Amino acid sequence: MSLLLVDPPVAAGEATVRHLLGEGDEVRVLVRNKDHGGTWKAAGAHVAAGDPSDEDLVERACQNVRTIVVFGTPGPALLTGARAAGVGRVISVTASPIETVEDLEHVALVVGRRWWPRSGRSHEDVAVAISAADDIVTVPHGPVHLGEARGWRSLKLEPR
């Protein structure tokens with residue numbers, strides 16, 4: 001099984017791909033712009049190019065994927081495609097809390113408004129949180145604020 005990152009920002013995406021591959025995960029990246037695919041291929045990820053609002057494309061990209069990681073709010077078409085492929089978990093990395101996703105396990109990692117693109121939170125810290133959110137057995141209730149110690153503890157990690 002593998003993870004699919006949906007149109008990640010370059011710095012956060014590179015840190016996440018590097019971390020997940022280092023842990024033995026298979027990583028796929030869905031990019032809107034096919035010209036950006038080389039960045040992710042060079043990092044070791046499999047790449048699909050197209051619009052994340054294309055349900056069929058998302059379903060194909062999500063085959064044998066256990067978790068999708070969305071940098072922002074997951075759109076309805078993205079979620080429909082993920083459900084059709086049998087994805088079990090969605091991780092959203094956002095600047096502020098978002099609503100939970102119906103009928104899928106959902107971990108909302110809140111990095112704070114200043115993280116987009118800068119904050120005290122490093123891209124490597126976010127990559128560690130994404131990996132933990134993928135691996136954790138019991139999904140935390142409510143948003144996981146990475147600016148708070150209890151957010152890290154809910155992922156079974158030491159606060160950063």
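**Entry 1: R89**

I looked up the side chain of R89 in this predicted model and found one of its polar atoms 2.8 Å from the backbone oxygen of I136. R89 belongs to strand β5. I then asked whether R89 is buried or exposed. Its relative accessible area is 6%, so I recorded R89 as buried, the cut-off being under 20%.

I next listed the contacts of R89, leaving out residues up to four places away in sequence. I noted R66, T67 and I68 among them. E105 and V107 also touch R89, and both numbers fall within the range of strand β6, residues 105-110. Further contacts of R89 include A133, D134, D135, I136, V137 and V139. I136 thus appears both in this contact list and as the owner of the backbone oxygen noted above.

**Entry 2: T94**

I moved along β5, which covers residues 89-94, to T94. I entered T94 as buried because its relative accessibility is 4%. Which backbone oxygen lies 2.7 Å from a polar atom of the T94 side chain? I found that it belongs to S96.

**Entry 3: the sheet**

I traced the strand order of the sheet to place β5. The sheet is open, has 7 strands and runs β3-β2-β1-β4-β5-β6-β7, with parallel pairing. In this order β5 stands between β4 and β6.

Which strands stand at the edges? I identified β3 (46-49) and β7 (144-145). Each has a single partner strand, so one side of each lacks a neighbour in the sheet.

I then examined the pairing at the β7 edge. Strand β6 pairs with β7 in the parallel sense, over 2 bridges. Across this pair, I found L109 opposite V144 of β7.

**Entry 4: the largest pocket**

I turned to the largest pocket and recorded a space of about 180 Å³. Its lining comprises 14 residues, of which V6, R32, P52, V70 and T73 are the closest to the centre.

I also asked which element supplies the largest share of the lining. It is α4, with 3 residues. Both β4 (65-71) and α4 (76-85) give at least two residues to this lining. V70, one of the residues closest to the centre, has a number within the range of β4.

Finally, I sorted the lining by residue class and counted 8 nonpolar, 3 polar and 3 charged residues. R32 is a charged residue of this lining, whereas V6, P52 and V70 are nonpolar and T73 is polar.

Key. Residues numbered from 1 in each chain as written. Predicted model: local features only at pLDDT ≥ 70, side-chain atom pairs only at ≥ 80, totals over all residues. Heavy atoms only, no water. Helix = DSSP H or I, 4+ residues; strand = E, 2+ residues; numbered from the N terminus. Buried < 20%, exposed > 50% of the residue type's maximum accessible area, 1.4 Å probe, protein only. Polar contact = N/O pair within 3.5 Å; in protein donor to acceptor, adjacent residues only side chain to side chain. 1 Å grid on protein atoms, 1.4 Å probe; cavity = no way out; pocket = protein on both sides within 12 Å on 5 of 7 lines; lining within 4 Å. Points joined across faces, edges and corners; volume = space filled by probe spheres on them. Pairing = 2+ DSSP bridges. Contact = heavy atoms within 4.5 Å.
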